[in-house]
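Okay, everyone, let's get going. I'll put the structure up now, and then we'll walk around it together.

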Amino acid sequence: MTSVKQLTSDTMGTIYELTNESGTIVRVSPEGARLLDWVIPIEEGRDIVAGYDSIQGHIDARYYGATIGPVAGRIAGTRFVIDGTEYQTEDNDDGNTLHGGFKGLDTDTWLAETFEEANSAGVIFTTNRTDGTGGFPGNVRYQVTYTLSNDHELSIAYDAVTDQATLFNPTNHGYFNLTGDTQQAIDGHLVQINAQHVAETNEDVTTTGEKTAVTGTKFDFTNEREIGDTLLDDPFLLDHDQAWDLQVTSPDQKVRLTVTTDRPAVVIYTTGTGEVGAAMKTGPMANHGAMAIETQGVPGTEKYSQFGDISLRPDTPFHSVTTYRVHL
């Protein structure tokens, strides 16, 4: 049977530990509704989620494992328009708004409610924002639900309701290294992404509104291949034409992670020289030591309707689910 319990750690503060009958352990924190650990039952236990050795390290670095919002990615020019009204958000990224601004959802301490069912257990995190916070309109209630199943599936569900039109494009900024050791580069990881196109980006990583075919480029992961030394910070436009949208396999072939989502895109970010030496829980971060897998609406959708719609309205509550499954 799956179970959940609340724990207190000297370094991590309050955490919630989910365990399934196979011995998989997932730990989450109310600080940023954050994924801390995902320990899978091979060897002495392999933790495939990259993170810091303290909750303060996570808070200082902000994004590792955190729930990102109200809008993941960059709002170009710190402005957007809904129903003819222009709103200005915070400049925390050289003229753009990154991941919701200075006080994105990752900075909240969320309320937690646990649940246990026959084949799963989880935590529901809730936080509220008042109209105008960070420049975003609306009094909004946000919920993020982590659920661990006996089938080695970890699902993250996002829900939101608002009293006026606003934007919402959440993601989880979990970083992965399937070796269980961020002192090892991810170069030998095998990656396959079911996406024929990426969203074109400017030098500041904002999107242009155009899309680019991946064929013949560094973005072509339509067939499984090693990621090598490829550096990424790019939105892949998912085709949703297979049972899963993305898979990553460890160099030793012992762990395969598949990701399935109802969102139109996944941003893949690989760490680089700027993160080298960071005090991760497994030791200093290697160059190219982890990859973030961020399922979401296409960044820039608030300006480019061809990518869809990320508006949240009072008559249309938001609901989305991304499921991560480990195949052993």
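Let's start with the largest pocket: strand E23 (233-237), strand E26 (265-270) and strand E29 (291-296) each give at least two residues to its lining. Which of these strands gives the largest share? That's E23, with three residues. Keep in mind that this is a predicted model.

So how much space is in that largest pocket? About 390 Å³. There are 23 residues lining the pocket, and if you want to find its centre on the screen, look for Arg74, His99, His173, Asp233 and Tyr269, which are the closest to it. As for the character of the lining, we've got 13 nonpolar residues, plus five polar and five charged.

Next, the second largest pocket. Here we have about 220 Å³ of space. Its lining is made up of 17 residues, and nearest the centre you'll find Arg263, Asp309, Ile310, Ser311 and Phe318. Two strands, E30 (311-312) and E31 (318-327), each supply at least two of the lining residues. By class, the lining splits into eight nonpolar, six polar and three charged.

Now for the enclosed spaces. Rolling a probe the size of a water molecule over the atoms shows where empty space is left. How many cavities of 30 Å³ or more turn up here? Three.

The largest cavity holds about 50 Å³. Around it sit Pro70, Arg129, Thr130, Thr133, Phe136, Pro137, Gly138, Val140, Tyr142 and Thr166. That lining comes out as five nonpolar residues, four polar and one charged.

The second largest cavity has about 40 Å³. Among the residues lining it are Asp47, Ile48, Val49, Ala50 and Gly51, and also Asn177, Gly180 and Asp181. Thr182, Lys281 and Thr282 are part of that lining too. In terms of class, three of the lining residues are nonpolar, five are polar and three are charged.

Let me go back to Pro70 for a second, one of the residues around the largest cavity. What is the peptide bond from Gly69 to Pro70, cis or trans? It's cis, with omega near 0 degrees. You'll find Pro70 in the loop between strand E7 (67-68) and strand E8 (74-75).

That brings us to backbone oddities. Most residues other than glycine have a negative phi, and most peptide bonds are trans. Against that background, have a look at Glu43: not a glycine, yet its phi is positive, at about 55 degrees. Glu43 sits in the loop between strand E4 (34-40) and strand E5 (46-47).

Gln253 is another one, with a positive phi of about 65 degrees, and again not a glycine. Its place is the loop that runs between strand E24 (246-249) and strand E25 (256-261). Is Gln253 buried or exposed? At 52% relative accessibility, Gln253 counts as exposed, because the cut-off for that is over 50%.

Last stop, a sheet. Strands of a sheet pair through backbone hydrogen bonds, either parallel or antiparallel. Here five strands make an open sheet, in the order E1-E2-E3-E4-E5, and the pairing is antiparallel. E1 (3-9) and E5 are at the edges with a single partner strand each, so each has one side without a neighbour in the sheet.

Let's go through the pairs. E1 and strand E2 (13-19) are joined antiparallel over seven bridges, and one to look for is Thr8, whose bridge partner in E2 is Thr14.

Then E2 pairs with E3, antiparallel, over four bridges. On that side, Tyr16 has Val28 in E3 as its bridge partner. These two strands form a hairpin with five residues between them, and in the turn Gly23 has a positive phi of about 95 degrees.

Strand E3 (25-29) has four of its five residues buried, so E3 is largely enclosed by the rest of the structure.

How many bridges join E3 and E4? Five, and once more the sense is antiparallel. Look for Ser29, which has Arg34 in E4 as its bridge partner. E3 and E4 make a hairpin as well, with four residues between the strands, and there Gly32 takes a positive phi near 80 degrees.

Okay, that's the tour. Over to you.

Note on methods:
Residues numbered from 1 in each chain as written. Predicted model: local features only at pLDDT ≥ 70, side-chain atom pairs only at ≥ 80, totals over all residues. Heavy atoms only, no water. 1 Å grid on protein atoms, 1.4 Å probe; cavity = no way out; pocket = protein on both sides within 12 Å on 5 of 7 lines; lining within 4 Å. Points joined across faces, edges and corners; volume = space filled by probe spheres on them. Nonpolar A, V, L, I, M, F, W, Y, C, P; charged D, E, K, R; others polar. Buried < 20%, exposed > 50% of the residue type's maximum accessible area, 1.4 Å probe, protein only. Pairing = 2+ DSSP bridges.
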